[in-house]
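Here's a walk through one protein model, written for someone just starting out. Keep the structure open and look up each spot as it comes along.

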Amino acid sequence: MRYEGSLYRPPSEAYSYILQVTIGCSHNRCTFCNMYLEKQFRVRPLDDVLEDLVMARRAYRRVNRIFLADGDALIVKTSDLRAILGTIKNLFPECERVTSYASARDLLLKTPEELEELHALGLDMIYLGLESGSEKVLRDINKGVTVEETVEGALKAKAAGIKLSVTEITGLAGQDGMEEHALLSAKALSRMNPEYIGLMTLTLRRGTKMTADWEAGRFKRLTPRQYLEEQRILIANLDSEGSVLRSNHISNYVQLRGTMNRDKGRMLATLDTALKDPELDNPYIEYLENL
Ligand code: SF4
């Protein structure tokens, strides 16, 4: 297959065929993210994308899932997405679902009818980064969209029948804003009521502004104990019936999985048990994190 640069996909797309329809992220300015810093954003020519699909059909006997990469594939114009999804339907009749990352801006730029059409053509689910339910935090991290826009975009996708997997990043507000970040994120997630909620833990990446701020003492990252305390506040205040909540990213200290609101008590109990572990205060953990 033809790929350009590093590829990223959600953990749940580990066995999906990854099709690059864009190179990089059209925003590429979030202060914590270095995923696509190496790439100059562009939409790939439609013919190249369709050729990749033909090559993939020759290479793979069975393709159950396809993930459209890179950072925000839904920025591609609807006529091209229609051609891509139509070709997937023709070439991969066994494909059970097509998914992609999407930004709130992508969703707001599409009409309800366009989103409904993309869903009818096989776009089953999108991965949307809320990151935080706090407008201040989104401004601080230069997310480029507001909480209100993110909620509006999410509800628009839902109304079109597209499933939602929404991520929040624990620790994004640092020590000073952790409680507000958790409370407002719980509120925004509850409003969206997505099928899936993913809680990630902030990882300071090389080459990002956030890492530079931390090194200069301008950003106070959470301690391992505070990460769990912040997740506890979020889950305790989350009211999102039916959402499957996962905290199973490699960045997380404690692996959680449950269905809201049914499993809220069990997940809080798991965090409470973890919080009793004195190893959380072992400075070696922080040392390892800073490598
Ligand atoms: S977090 Fe998402 S929107 Fe922000 S720069 Fe990274 S890929 Fe782009």
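The second largest pocket holds about 370 Å³ of space. Lys136, Asp140, Leu172, Ala173 and Phe219 are the closest to its centre, out of 20 residues that line the pocket. Three elements each give two or more residues to that lining: α5 (135-140), α7 (178-192) and α8 (209-215). Sorted by class, the lining of the second largest pocket has six nonpolar, six polar and eight charged residues.

Some of those words need pinning down. On a 1 Å grid over the protein atoms alone, a pocket is an open set of points with protein on both sides within 12 Å along at least five of seven lines, a cavity is a set where a 1.4 Å probe fits but cannot get out, and lining residues have an atom within 4 Å of a point. Grid points are joined across faces, edges and corners, and the volume is the space filled by probe spheres set on the points. For the classes, Ala, Val, Leu, Ile, Met, Phe, Trp, Tyr, Cys and Pro count as nonpolar, Asp, Glu, Lys and Arg as charged, and the others, Gly among them, as polar. Helices (H or I, at least four residues) and strands (E, at least two) are DSSP runs, numbered from the N terminus.

A word on where this comes from: it's a predicted model, in which local features need pLDDT of at least 70 and side-chain atom pairs count only at pLDDT 80 or more, while totals for chains, interfaces and linings use all residues. Residues are numbered from 1 along each chain as its sequence is written, and side-chain values use heavy atoms, with hydrogens and water left out.

Now for the ligand. Which residues surround the ligand? They are Cys25, Asn28, Arg29, Cys30, Phe32, Cys33, Met35, Tyr36 and Lys143, where being near means having a heavy atom within 4 Å of the molecule. This shell divides into six nonpolar, one polar and two charged residues.

Tyr36 turns up again beside Asp70. Asp70 sits in the loop between β4 (65-69) and α2 (78-91). Not counting residues up to four places away in sequence, Asp70 touches Leu7, Gln20, Val21, Thr22, Ile23, Gly24, Tyr36, Lys39 and Tyr101; contact means heavy atoms within 4.5 Å. Take Ile23: Asp70 and Ile23 are 47 residues apart in sequence, yet their C-alpha atoms are 5.7 Å apart in space. Asp70 counts as buried because its relative accessible area is 0%. The cut-offs are under 20% relative accessible area for buried, over 50% for exposed and in between for partly exposed (1.4 Å probe, protein chains only).

Here are a few other residues to compare.

| Residue | Relative accessible area | Label |
|---|---|---|
| Asp124 | 17% | buried |
| Cys95 | 16% | buried |
| Asn142 | 33% | partly exposed |
| Asn193 | 27% | partly exposed |
| Glu51 | 41% | partly exposed |

Asp124 belongs to strand β6 (residues 123-131). Its contacts, leaving out residues up to four places away in sequence, are Arg97, Val98, His119, Ile162 and Lys163. Cys95 is in the loop between α2 and β5 (97-102), and beyond its neighbours within four places in sequence it is in contact with Val63, Asn64, Arg65, Ile66 and Ile88. Glu51 is part of helix α1 (residues 46-59), and its C-alpha atom is separated by 21 Å from that of Glu96, 45 residues away along the chain.

Next come some backbone angles. Most residues other than glycine have a negative phi, and most peptide bonds are trans. Asn142, in the loop between α5 and α6 (147-159), has a positive phi near 60°. Asn193, in the loop between α7 and β8 (196-201), has a positive phi of about 45°. As for the peptide bonds, the one from Ala69 to Asp70 is cis, with omega near 0°. Met260 and Asn261 are also joined by a cis bond, with omega about -10°.

Last, a helix. α9 (residues 224-236) has 13 residues and reaches 19 Å from its first C-alpha to its last, close to the expected 18 Å, which is 1.5 Å times one less than the number of residues. Its buried residues include Tyr227, Leu228 and Leu234.
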